[in-house]
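User: I'm new to this one and would like to learn how its labels are earned. Could you walk me through it?

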Amino acid sequence: MAQQQGTEAGSAGVAEDEFVDDVTDAAAREEAHTARGTARPITVVGNPVLHRECKEVTEFDDELAGLIDDMFASQRAAEGVGIAANQIGVDLKVFVYDCQDDEGVRHVGVVCNPVLDQLPAGQRVLDDGSEGCLSVPGAYHPLARPDYAVVRGQDAQGKPIAVRGTGYFARCLQHETDHLNGYLYIDRLSKRERKDVLRQMAESTPRYETVPNE
């Protein structure tokens, strides 16, 4: 997910000890991944890998670890706060993030095979903030999403984890999970809104390397 332009909710019934600690040593962990990785060009809307559901991660091995390092390096090079594997052309259900919540707390982590919890209606408070995407460079548009999210999946070693986010970080978790199911944020907009976003993209110059669509 692209960086943003310009009272915490409840835990939806999830026990505190189920949540991964993605705050401790956040900067050091991101730095280590990025130092090992190599930045790759970003796929953009229209590339087929972005418009289909990705494959499940089944091998938690050195190849996956290398991919995760490259994803962190690519995320930093593009100045993003989250990136999914298909955004660097890899058909696997894994995303990484380096994102602050609305309280300014930095969260850094990786989720394989993510699934979003469905929030009870009473906890579904919408935030209509602006959203952007590394795969739709230079464009932003308001999009209403729940301001609290819980994602369940596996870490890089295959261990079950749960990640929760509020505000902007909740948006990031939802945005990246959408990517791995074959959806971009613009797929949630009206035809007129989507046309406006694509116009913004056409009129801008990406600040990072992208993969040209054939």
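User: Why is T43 called buried?

Analyst: Keep in mind first that this is a predicted model. T43 has 2% relative accessibility, and buried means under 20%, so T43 counts as buried. T43 sits in strand β1, residues 42-43.

User: What is T43 in contact with, neighbours within four places in sequence aside?

Analyst: With those left out, T43 contacts V49, L50, N86, Q87, I88, G89, S135 and V211.

User: What makes A39 partly exposed?

Analyst: A39 comes out at 42% relative accessibility. Partly exposed is what lies between under 20% and over 50%, so A39 gets that label. You'll find A39 in the loop between α1 (26-36) and β1. Not counting residues up to four places away in sequence, A39 touches D70, A73, S74 and A77.

User: How do you know that the length of α3 agrees with what a helix should span?

Analyst: Helix α3 covers residues 167-180, which is 14 residues. At 1.5 Å a residue the helix should span 20 Å, and its end C-alpha atoms are 21 Å apart, so the two agree.

User: What makes α3 mostly covered?

Analyst: Of its 14 residues, 14 are buried. Just after α3 comes G182, with a positive phi of about 90°.

User: Why are α1 and α2 called roughly perpendicular?

Analyst: Helix α1 and helix α2 (residues 62-77) pack at an angle of about 100°, and their axes are 7 Å apart. Angles of 65 to 115 degrees count as roughly perpendicular, therefore the label fits α1 and α2. On the α1 side, the contact is made by E30, E31, H33, T34 and R36, and on the α2 side by I68, D69, F72, A73 and R76. These residues divide into three nonpolar, two polar and five charged.

User: How many disulfides are there by the rule used here?

Analyst: The count is zero. A pair of cysteine sulfur atoms would have to lie within 2.5 Å. For C54, the nearest cysteine sulfur is that of C112, 12 Å away, and C54 is in no disulfide. For C99, the nearest is that of C172, at 4.3 Å, and C99 is in no disulfide either.

User: Are C54 and C99 buried or exposed?

Analyst: C54 has 5% relative accessibility, so C54 counts as buried. C99 has 0%, so C99 counts as buried too.

How values were computed: Residues are numbered from 1 along each chain as its sequence is written. This is a predicted model: local features need pLDDT of at least 70, side-chain atom pairs count only at pLDDT 80 or more; totals for chains, interfaces and linings use all residues. Side-chain values use heavy atoms; hydrogens and water are left out. Helices (H or I, at least four residues) and strands (E, at least two) are DSSP runs, numbered from the N terminus. Buried means under 20% relative accessible area, exposed over 50%, partly exposed in between (1.4 Å probe, protein chains only). Contact means heavy atoms within 4.5 Å. The expected span of a helix is 1.5 Å times one less than its number of residues. Axes are lines fitted to C-alpha atoms, for helices over the stretch in contact, and angles run from 0 to 180 degrees between N-to-C directions. Angles under 35 degrees count as roughly parallel, over 145 as roughly antiparallel, 65 to 115 as roughly perpendicular and the rest as oblique. Ala, Val, Leu, Ile, Met, Phe, Trp, Tyr, Cys and Pro count as nonpolar, Asp, Glu, Lys and Arg as charged, and the others, Gly among them, as polar.
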